[in-house]
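Biologist: I should like to request a close look at a single part of this protein. Please choose one helix, describe its surroundings step by step, and then set it beside other parts of the model.

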Amino acid sequence: MLPSEQALTLCQPAARQLIENSNWRLLPEEEFAARAARVMAEQPALSPHQACQHVYALELHDACCDSQRRERAYSELHLYLYRIALHRRPELAEDAAQQAILLIFQQIDRCVKPGAFLHFAYLKLLQAIKSLARSKEPPLEPKEPGEEFEEPWERLPKLWVDELPPDDARIDDLWECIRRGWQTRPRARDQLRVVLWTYFGDLFDEEICQLLGKFQEQVYVLRSRGLDKLRRCMAAKGYSI
């Protein structure tokens, strides 16, 4: 265990830097550094910066759930996310930050580890950026007339349902395969969940891991097996695979 005095000495400049750079004002500097030092003393593998982020994530999560401090907390979180978005997709930064804040507000109860709240918020920002970027993409065009759906299964997982004609039989066939798998194969439900969350829920693998409580490698396997089951079902309906 790291001596608390040494941990405090290391955490003070880190806390000061985060306050100045990120405009974090929910905690006074002295309290911020002291709490981070206690965390670092107990977990010496953490850097001072990581310990400070952990402490502030806890405080930010609590403040976002507190009606008295919620406005200030979301204001700080918005600025934090906006700056990240500005580096990734500057043209989408403002809209992405706003959309991420809305997602966080609606789904904050899904954050099962308040100490990882900043990471949770970051994932929501990525989800917002991905959604906004997709909405601005031009619709898919067939290479040649009549070739739009020559290979239905190869194209279908990459499309959103609302991008297909509403009377397209492939929608009904795909959902029938999903319903059948869900009802007759209870052990395969996690596989189908991963497929649905990936292709129709716009979730990143990190979020799916958190929702299912699984490692990323397990999510890869679940998705592969789920797609294989749906391929076989679609093939039985006469689709070319």
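Modeller: The account below begins with the whole chain, turns to helix α6 and its partners, and then considers the pair α2 and α3.

The model is predicted. The protein contains eleven helices and zero strands, and its pattern along the sequence reads α-α-α-α-α-α-α-α-α-α-α. Of the 241 residues, 41% are buried. Among contacts between residues at least 6 apart in sequence, 62% join residues at least 24 apart.

Two packed helices are described by the angle between their axes and the distance between the axes. This pair of values is given for each packing below.

Helix α6 spans residues 117-135. One of its partners is α4: the two axes come within 10 Å and cross at roughly 50°. An angle under 35 degrees would count as roughly parallel, and one from 65 to 115 as roughly perpendicular; α4 and α6 are therefore oblique to each other. Their crossing is right-handed. On the side of α4, the residues that meet α6 are L77, Y80, L81, I84, A85 and R88. On the side of α6, the residues are F117, L118, A121, Y122, L125, L126 and I129. By class, the residues of this contact comprise twelve nonpolar, no polar and one charged.

Helix α6 also packs with α10, where the axes come within 10 Å and cross at roughly 130°. That angle makes α6 oblique to α10. The crossing in this case is left-handed. Helix α6 contributes F120, L123, K124 and Q127 to the contact, while α10 contributes E206, E207 and Q210. These residues divide into two nonpolar, two polar and three charged.

One residue of this contact, K124, merits a separate description. K124 has a relative accessibility of 4%. Buried means under 20% relative accessible area, and K124 therefore counts as buried. Its side chain makes a polar contact of 2.6 Å with the side chain of Q107. If neighbours within four places in sequence are left aside, the residues in contact with K124 are A100, L103, I104, Q107 and E207. Among them, E207 belongs to the α10 side of the contact between α6 and α10.

Helix α10 itself spans residues 205-212, and its buried residues are D205, E207, I208, C209 and L212. These buried residues pack against α6, α9 (189-199) and α11 (216-236). Just after α10 comes G213, which takes a positive phi of about 70°.

A further example of packing is provided by α2 (residues 29-42) and α3 (residues 48-64), whose axes lie 8 Å apart at an angle of about 115°. The two helices are therefore roughly perpendicular to each other. Their crossing is right-handed. Helix α2 supplies F32, R35, A36, V39 and M40 to the contact, and α3 supplies P48, A51, C52, H54, V55, Y56 and E59. The residues comprise nine nonpolar, one polar and two charged.

Within α3, E59 may be examined in the manner used for K124. The relative accessibility of E59 is 9%, and E59 therefore counts as buried. The side chain of E59 makes polar contacts with two partners. One is the side chain of R35, at 2.9 Å, and R35 is part of the α2 side of the packing just described. The other is the side chain of R69, at 2.6 Å. Apart from neighbours within four places in sequence, E59 is in contact with L26, L27, R35 and R69.

The final residue for consideration is C65, which is found in the loop between α3 and α4, the latter spanning 70-88. C65 has a relative accessible area of 42% and is partly exposed. Leaving aside neighbours within four places in sequence, C65 is in contact with R70 and I108. C65 and I108 are 43 residues apart in sequence, and their C-alpha atoms are 8.3 Å apart in space.

In summary, α6 packs obliquely with both α4 and α10, with a right-handed crossing in the case of α4 and a left-handed crossing in the case of α10. K124 of α6 is buried, and its side chain is joined by a polar contact to that of Q107.

Methods:
Residues numbered from 1 in each chain as written. Predicted model: local features only at pLDDT ≥ 70, side-chain atom pairs only at ≥ 80, totals over all residues. Heavy atoms only, no water. Axes fitted to C-alpha atoms, helices over the stretch in contact; angles between N-to-C directions. Helix = DSSP H or I, 4+ residues; strand = E, 2+ residues; numbered from the N terminus. Parallel < 35°, antiparallel > 145°, perpendicular 65-115°, else oblique. Left-handed = near helix turned anticlockwise from the far one by under 90°. Contact = heavy atoms within 4.5 Å. Nonpolar A, V, L, I, M, F, W, Y, C, P; charged D, E, K, R; others polar. Buried < 20%, exposed > 50% of the residue type's maximum accessible area, 1.4 Å probe, protein only. Polar contact = N/O pair within 3.5 Å; in protein donor to acceptor, adjacent residues only side chain to side chain.
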